[in-house]
Amino acid sequence: MSDQPTSSNRRPQKAGTAGKPGGPGQSGKPGKPHRRPKKDPVRILAFEALRAVDERDAYANLVLPPLLRKAREKGEQEGAEKFDGRDAALATELVYGTLRRQGTYDAIVAACIDRPLREVDPPVLDVLNLGVHQLLGTRIPTHAAVSASVELARVVLGDGRAKFVNAVLRKVSRDDLDAWLERVAPPYDEDPEDHLAVVHSHPRWVVSALWDSLGGGRAGIEDLLEADNERPEVTLVARPGRTTADAVLAEVGEESGLPGRWSPYAVRLAEGGEPGSFDVVRSGRAGVQDEGSQLVALALANAPLEGRDKKWLDGCAGPGGKAAMLAGLAAGRGATLLAAEKLPHRAGLVAKALDGNPGPYQVIAADGTRPPWGPGTFDRILMDVPCTGLGALRRRPEARWRRRPEDLEGFAPLQRSLLRMALESVRVGGVVGYATCSPHLAETRAVVDDVLKSVGGAELIDARPLMEGVPAIGDGPDVQLWPHLHGTDAMYLALIRRTA
């Protein structure tokens, strides 16, 4: 589970310049009248999404759907230009492609201007990077990419800055992406991490951290970084006790759905598949859930246990995907699930996800570090702790630009406290699953090792047999999943049994 970002916008904005005459790239001098710029709803929407991400620390996956819905509604009004599925697909590609490749595009833009990149106002840089992505990351013809970007600049920035955008993009258009990377990325032999950071558009510290966690040579880390920049599949989960994967496949159809790779409850949607268009999703019988997340919940549910198996806890349950899965599995065994989430609005999301579960369950707003339940209460506990979210950069590409190395220090005490309390809350013989959507060693093995040394009376159990058929999950006893190896988020799981 990834917590909300705490760092500020990636590009400091000079006071009093954004969107006003006289800023970088605009002279502010009066000139002859110009024709009215043509408003392109697709590119204006993409620009608005990027501004929300930068100004409000919003997530694109939360900002984009309402913007697309608003555009469709406007297109349905009488006399308005229709906003169709192709428009939505292009807007989505422009937003996510620009965010994923932001580091690379920033380096290219920096090579085309005569001032430090930090002196270019963020709105101007967003328009430029949208243009660079169209030029270097899509099949949009060069003349169309430049002219559309200049028109966008005229609409949202003004004529003066549009000239600046035009000049920069014409420089960019002279070469393809490979040629630009040869120019702006340092040679691998001189600085491997900085080379990979520029070529694959990740902050250098993230490249270093992922490489440490992955191990191995150049090929593996390049495969991982490339996977982070690919559009992830949409995966559905057939919620146990409410439907099956076969039933979901039958409803979505052979053209739209494929069986999951690893989870017996998973269904993968074909590219462009819209989850909300299927009744099985709208009704809550199925939900959107990464296959790695499903595997973590299944492993905790299937861990060997002696004696009582009646009380389960999801201690960091928001937004509810794993909790819904666990609730269905628990109900099938005559057990109950308590889903606890500290933030009330996220607890509401959990309640919505669990609504309709066939068995008994309870959702509460509670802090897992100061729980309202007593020691030794539960038989199974999943603690999917807040983390940097470095394992989900495919889905949240903006997170790589917001996170800082010091964020690890902020999460560390909370992660350790949650795991300690989970081990106190489980009965002797019970099992705790410690999970993160981050492969960073400081959030995975370092946390588990520190807590096991400090608490006593607990031992790691081998999680690998509980992911039967899944290859390359590590040397054990813990498990690490990877986007490039498994097609999942980089989920980590350690299973711990309380022994005393």
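**Exercise 1. The partners of strand S12**

Which residue stands opposite Arg 498 in S12? Establish this in the predicted model, then describe how S12 is paired and whether its residues are buried or exposed.

*Solution.*

Step 1. The residue opposite Arg 498 of S12 is Ala 458.

Step 2. Consider the strand S10, residues 458-461. S10 and S12 run antiparallel and are joined by four bridges.

Step 3. Strand S9, residues 426-436, also pairs with S12 in the antiparallel sense, here over six bridges. Within this part of the structure, Thr 436 has Tyr 492 of S12 as its bridge partner.

Step 4. A further antiparallel pairing, over two bridges, connects S12 with strand S11, residues 479-480. Here Val 479 is matched with Leu 493 of S12.

Step 5. Strand S12 spans residues 492-498, and six of its seven residues are buried; therefore S12 is largely enclosed by the rest of the structure.

**Exercise 2. An annotated cysteine**

Locate the residue covered by the UniProt annotation "active site", and decide whether Cys 437 is buried or exposed.

*Solution.*

Step 1. The annotation, taken from an unreviewed UniProt entry, covers Cys 437.

Step 2. Cys 437 is placed in the loop between S9 and helix H19, the latter being residues 445-455.

Step 3. The relative accessible area of Cys 437 is 8%. Because buried means under 20%, Cys 437 is classed as buried.

**Exercise 3. Three salt bridges**

Find how many salt bridges the model has, then examine the pairs formed by Arg 51, Arg 86 and Arg 204.

*Solution.*

Step 1. The count of salt bridges comes to 35.

Step 2. Arg 51 forms a salt bridge with Asp 126, and their closest N and O atoms are 2.5 Å apart. This pair links distant parts of the chain, 75 residues apart: Arg 51 belongs to helix H1 (residues 41-56) and Asp 126 to helix H5 (residues 122-136). Both Arg 51 and Asp 126 are buried. A network of salt bridges links Arg 51, Asp 54, Glu 55 and Asp 126.

Step 3. For Arg 86 and its salt-bridge partner Asp 84, the closest N and O atoms lie 3.6 Å apart. Arg 86 counts as exposed, at 69% relative accessibility, whereas Asp 84 is partly exposed, with a relative accessible area of 24%.

Step 4. Arg 204 forms a salt bridge with Glu 193, with 3.3 Å between the closest N and O atoms. Since Arg 204 lies in helix H10 (residues 204-214) and Glu 193 in helix H9 (residues 192-200), the pair ties together parts that are 11 residues apart in sequence. Arg 204 counts as partly exposed at 37% relative accessibility, and Glu 193 counts as partly exposed at 22%.

**Exercise 4. The two sides of helix H8**

Determine which residues of helix H8 are buried, and identify what the buried residues of H8 pack against.

*Solution.*

Step 1. In helix H8 (residues 177-184), the buried residues are Trp 180, Leu 181 and Val 184. They cover an arc of only 100 degrees around the axis, which puts them on the same side of H8.

Step 2. A general rule helps in reading this pattern: an α-helix has 3.6 residues a turn, so residues three or four places apart point the same way.

Step 3. On the face of H8 turned away from the buried side are the exposed residues Asp 178, Glu 182 and Arg 183.

Step 4. The buried residues of H8 pack against helix H4 (102-110), H5, helix H7 (159-172) and H9.

Key:
Residues are numbered from 1 along each chain as its sequence is written. This is a predicted model: local features need pLDDT of at least 70, side-chain atom pairs count only at pLDDT 80 or more; totals for chains, interfaces and linings use all residues. Side-chain values use heavy atoms; hydrogens and water are left out. Buried means under 20% relative accessible area, exposed over 50%, partly exposed in between (1.4 Å probe, protein chains only). Two strands pair if DSSP finds at least two bridges between them. UniProt positions are given in the numbering used here, feature names are shortened, and annotations may be inferred rather than shown by experiment. A salt bridge is a side-chain nitrogen of Lys or Arg within 4 Å of a carboxyl oxygen of Asp or Glu. The arc is that of the directions from the helix axis to the C-beta atoms. Contact means heavy atoms within 4.5 Å.
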